[in-house]
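Trainee: Could we go through this structure together before I head back to the bench? I'd like to ask things as they come up.
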Amino acid sequence: MKVTAGPFILALVVGLVVTLLAARAAARKAVGVGPLEVLRESAAQRRLLPWPRAVFGAAALPGGIVLLYLVLQVKESAAVPTGLGATMALCVGASALGPVALRGMGWLFGAVAARLDPGAGMLARSSLITQPRRAMAAASPVMLTIALACTFLFAVATTDAAADVTRTGPAAWAAPVLVGSAVAYTVISVLNATAMTMAERTEEIRLLRTLGTKPRQLTRMVCWETLTVTCAGTLLGTGIAAASLTALGKAATGRAGFAYSVPQYAGLVLVCVVSGLAGALASTRKARRGSLRPDD
């Protein structure tokens, strides 16, 4: 296998361009806020999906579907890369349009949490329903991890099963090691995303304490909200991975099925859950148990 500098240079250029475009978009949004609008506080987001986000998501989802169709048409050697491309396109579309799904999932899963833990569960449900875009920011790393890791890991297992190949020695550890390096990134991204979204709620948590909510209730609220967001991201990622793997399985064996490992899948989900809870609880600890005065 020949390694060239082209992919590395391309990745560097794309990363810089995307970062600059994201920073420019955020700066333009901040500059465009009016003086009176800055002084107004509102817990509910006025628009669920801004039109650029809706257009981008509506373009990415059909692109992913087209790539799923191409998995069945390309050569066998190109099927796995095409399947991974389909997974990435579907993840982009789901991340852009995800707030719509998050609002529904927040309402459904939040109802269960409110039934099991009326006070804390109801608060978590209200936050997810009123702020689905903020919740999707925390769910996106989970969705991306589950979708890409499962697609890559189980695609290798599916192609090996179709070719009746049994990997031994270092070859048997190649895919898990690559996925493990991605999981290390996942821990960082989930921790950061959860910590950033929860840090935005510092004043809200202090206000709830002022109104008489106990620290234990706030801790349970944070846990319920994090678990709901992680569950939503896991379901979205699992659905995307299942679609890509089904196409890959049909291309390899002629049947709509694929090989998978329940322990490996459960391990990925567990890493996401633990990382999310750690980030959420750490970032809100001072607001939940510290002084009610922000300056202290």
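Trainee: To start somewhere, which helix is V17 in?

Mentor: V17 sits in helix α1, which covers residues 6–31; please keep in mind throughout that we are looking at a predicted model.

Trainee: And what kind of surface patch do I9, V13, V17 and L21 make?

Mentor: Those four residues, I9, V13, V17 and L21, make a nonpolar surface patch of about 360 Å². V17 itself counts as partly exposed, because its relative accessible area is 41%.

Trainee: Stepping back, how many helices and strands does the chain have?

Mentor: The chain has 10 helices and 0 strands, so if you read the elements from the N terminus on, using the DSSP runs that define them, the order is α-α-α-α-α-α-α-α-α-α.

Trainee: What share of the residues is buried?

Mentor: Of the 296 residues in the chain, 34% are buried. The accessible surface of the chain comes to about 16800 Å², and 69% of that surface belongs to carbon and sulfur atoms. As for contacts between residues at least 6 apart in sequence, 83% of them join residues at least 24 apart.

Trainee: Switching to charges, how many salt bridges does the count come to?

Mentor: The count comes to 1 salt bridge, in which the side chains of R220 and D117 meet at 2.6 Å, N to O. This pair links distant parts of the chain, with R220 in helix α9 and D117 in the loop between α4 (76–116) and α5 (118–130), 103 residues apart.

Trainee: Is D117 buried or exposed?

Mentor: D117 counts as buried, because its relative accessibility is 11%, whereas R220 is partly exposed, with a relative accessible area of 34%.

Trainee: What about R288, then: how far away is the nearest side chain of opposite charge?

Mentor: The nearest side chain of opposite charge is E225, and it is 11 Å away from R288, which is buried yet has no salt bridge. R288 is found in helix α10, residues 262–289, and, leaving aside neighbours within four places in sequence, R288 is in contact with I205, R209, P215, L218, T219, V222 and L281.

Trainee: Which residues form the positive surface patch?

Mentor: The positive patch is formed by K214, R216, R285 and R289. K214 lies in the loop between α8 (202–210) and α9 (215–253), and K214 counts as exposed because its relative accessibility is 57%.

Trainee: Where does T213 lie?

Mentor: T213 also lies in the loop between α8 and α9, but T213 counts as buried, because its relative accessibility is 16% and the cut-off for buried is under 20%. Not counting residues up to four places away in sequence, T213 touches L123, L208 and L218.

Trainee: One last residue: what does T145 touch?

Mentor: Again not counting residues up to four places away in sequence, T145 touches C150, T186 and C272. T145 is in helix α6, residues 132–162, and is buried, with a relative accessible area of 8%.

Trainee: And how far apart are the C-alpha atoms of T145 and T234?

Mentor: The C-alpha atoms of T145 and T234 are separated by 8.7 Å, although the two residues are 89 residues apart along the chain.

Technical notes
Residues are numbered from 1 along each chain as its sequence is written. This is a predicted model: local features need pLDDT of at least 70, side-chain atom pairs count only at pLDDT 80 or more; totals for chains, interfaces and linings use all residues. Side-chain values use heavy atoms; hydrogens and water are left out. Patches are made of residues with over 30% relative accessible area and no salt bridge: like charges are joined within 9 Å, nonpolar side chains (Val, Leu, Ile, Met, Phe, Trp, Tyr) within 5 Å. Accessible areas come from the Shrake-Rupley method with a 1.4 Å probe; for residues, only the protein chains shown count as cover. Lys and Arg count as positive and Asp and Glu as negative; His and the chain ends are not counted. The place of a charge is taken as NZ of Lys, CZ of Arg, CG of Asp or CD of Glu. Helices (H or I, at least four residues) and strands (E, at least two) are DSSP runs, numbered from the N terminus. Buried means under 20% relative accessible area, exposed over 50%, partly exposed in between (1.4 Å probe, protein chains only). Contact means heavy atoms within 4.5 Å.
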